Amino acid sequence: MTSNPYPLGLRLHGRRVVVVGGGAVATRRVPALLDAGADVLLVAPELTPALRARVDAGRLHWVPRRFVPEDLDGAWLVQVAVDDPMAAASVSAVAAERRIFCVRADDRTAATAWTPAVTRHGPVTVAVLGGGDPRRAMTVRDAIRDLLAVRLAPDGVAGRPDASTGTIGGRQAGRVALVGAGPGDPELITVKGWRLLTEADVVVADRLVPGLLLDELRPDVELVDASKIPYGPSRAQEEINQILVDRALAGAFVVRLKGGDPYVFGRGGEELLACAAAGVPVTVVPGVTSSIAAPAAAGIPVTHRGVAHEFTVVSGHLAPDAPASLVRWDALAGLHGTLVILMGLKNLAAITATLIAHGRSPQTPAAVVQEATTGTQRVLRSTLGEVAADLRAADLRPPAVVVVGDVVGALDG
Ligand SMILES: C[S@@+](CC[C@H](N)C(=O)[O-])C[C@H]1O[C@@H](n2cnc3c(N)ncnc32)[C@H](O)[C@@H]1O
């Protein structure tokens, strides 16, 4: 008779777990054990490069030989990740003798514990056992994961784990997350960024964030359109900082949603400092930056073997001769690699002239990518000498990224 398994959440922090085997199965199992804080002892004559990297990083202990019974001294759990059924059976026999639960990759029926298919959503862990059928477990797990990613938070089932972290003046204190929304395609936000967005009470969004992300917010979320805040740019930034701080101090979980990555010409640092000064905790979630994604979307890798060993991202917001400019355009002209210019359309003629005057060849391939990763993306291919004129003729507009360097043609057949 088969009886149902009894589900448990093992708290392995600081507890010895022995993994026998150093191949593909062990490579998949070990990260979750380390994530749980387990003291992992790996017993295997050989390791995969991924496991060896963890050993080299001091994350686990490795004994480079075959299993001996003494390896289980002090162990709470054993994972047998070897193909050889005889070897696996001898490990599980020792484990059974010592009343240590044993997971077996080679034979589930011989195991005394099963590893479930798992999905994690913030502090919530969902573990699915498929009655001995791992495929069934994975199918159910995938369905639950999709449900959690898309619809759990709006119903409040997931709670707001990142939201309330303490009290200020007797009130529940909120917090802020600076989230990179990616370059334009709504699917290019990170999983974590998306999760926090679905948990937000207030979303303060930039002009360049993908509109579709905002479309999916809960109806009760307060949406602040930061691009509509009046006054000049520095005054507007102060206003945004104040909104973040005020809402968080009132107890809200505020997501500051920014185009691309928050720290790439995104003023994320200023917002973090303003929150820190007010005692508001901040989480920063990096985003896919347009400086890499826009070239990629146009078929241009920012580095390519034998073509470019460096790429430099620079703001073209100020003209090269502007007194406030911090960019050494003369030095950039001397580099061989890729130059990616953001916010550079207005000053492109002056920028290209400066680069050429300081030695970069006018024949260097150049491209402009407008509204990258969106349905309205446009790409212009040209040369450093011609790109400013071609840009005017083609009537390209911001937001756009300019790429200069031999990588522009690197993938052309
Ligand atoms: C204020 S900066 C913000 C950059 C952003 N934090 C990032 O990491 O992508 C705005 C500039 O980013 C570039 N940009 C942002 N999104 C873009 C897109 N989808 N296509 C092309 N360029 C984009 C343009 O150069 C634009 O003027």
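These exercises work through two helix pairs, a ligand site and two backbone features in a predicted model.

**Exercise 1. Describe how helix α11 packs against helix α12.**

Step 1. Two packed helices are described by the angle between their axes and the distance between the axes.

Step 2. Locate the helices. α11 covers residues 348–357, and α12 covers residues 387–394. Their axes come within 8 Å and cross at roughly 160°.

Step 3. Classify the angle. Angles over 145 degrees count as roughly antiparallel. Therefore α11 is roughly antiparallel to α12.

Step 4. Add the hand. The crossing of α11 with α12 is right-handed.

Step 5. List the residues. α11 contributes Leu 348, Ala 349 and Thr 352. α12 contributes Val 387, Ala 388 and Leu 391.

Step 6. Sort them by class. Five residues in this contact are nonpolar, one is polar and none is charged.

**Exercise 2. Do the same for helix α1 and helix α2.**

Step 1. α1 spans residues 24–35, and α2 spans residues 49–56. Their axes come within 9 Å, with a crossing angle of roughly 35°.

Step 2. α1 passes α2 in a left-handed crossing.

Step 3. On the α1 side, the contact uses Ala 26, Thr 27, Val 30, Pro 31 and Leu 34. On the α2 side, the residues are Ala 50, Leu 51 and Arg 54.

Step 4. By class, this contact has six nonpolar residues, one polar and one charged. Arg counts as charged, and Arg 54 belongs to α2.

**Exercise 3. Find the residues around the ligand, then its contacts with polar backbone atoms.**

Step 1. How many residues surround the ligand? There are 17. The closest are Pro 183, Val 264, Thr 289, Ser 290 and Ala 400.

Step 2. Take the ligand nitrogen contacts. A ligand nitrogen lies 2.7 Å from a polar backbone atom of Pro 183. A ligand nitrogen is also 2.9 Å from a polar backbone atom of Gly 259.

Step 3. Take the oxygen contact. A ligand oxygen sits 2.7 Å from a polar backbone atom of Ala 400.

**Exercise 4. Locate the cis peptide bond and the residue other than glycine with a positive phi.**

Step 1. Recall the usual case. Most residues other than glycine have a negative phi, and most peptide bonds are trans.

Step 2. Check omega. Pro 398 and Pro 399 are joined by a cis peptide bond, with omega about 0°. Pro 399 lies in the loop between α12 and β19 (400–404).

Step 3. Check phi. Arg 267 has a positive phi, near 60°. Arg 267 sits in the loop between β13 (253–258) and α8 (268–277).

Technical notes:
Residues numbered from 1 in each chain as written. Predicted model: local features only at pLDDT ≥ 70, side-chain atom pairs only at ≥ 80, totals over all residues. Heavy atoms only, no water. Axes fitted to C-alpha atoms, helices over the stretch in contact; angles between N-to-C directions. Helix = DSSP H or I, 4+ residues; strand = E, 2+ residues; numbered from the N terminus. Parallel < 35°, antiparallel > 145°, perpendicular 65-115°, else oblique. Left-handed = near helix turned anticlockwise from the far one by under 90°. Contact = heavy atoms within 4.5 Å. Near = heavy atom within 4 Å. Polar contact = N/O pair within 3.5 Å; in protein donor to acceptor, adjacent residues only side chain to side chain.
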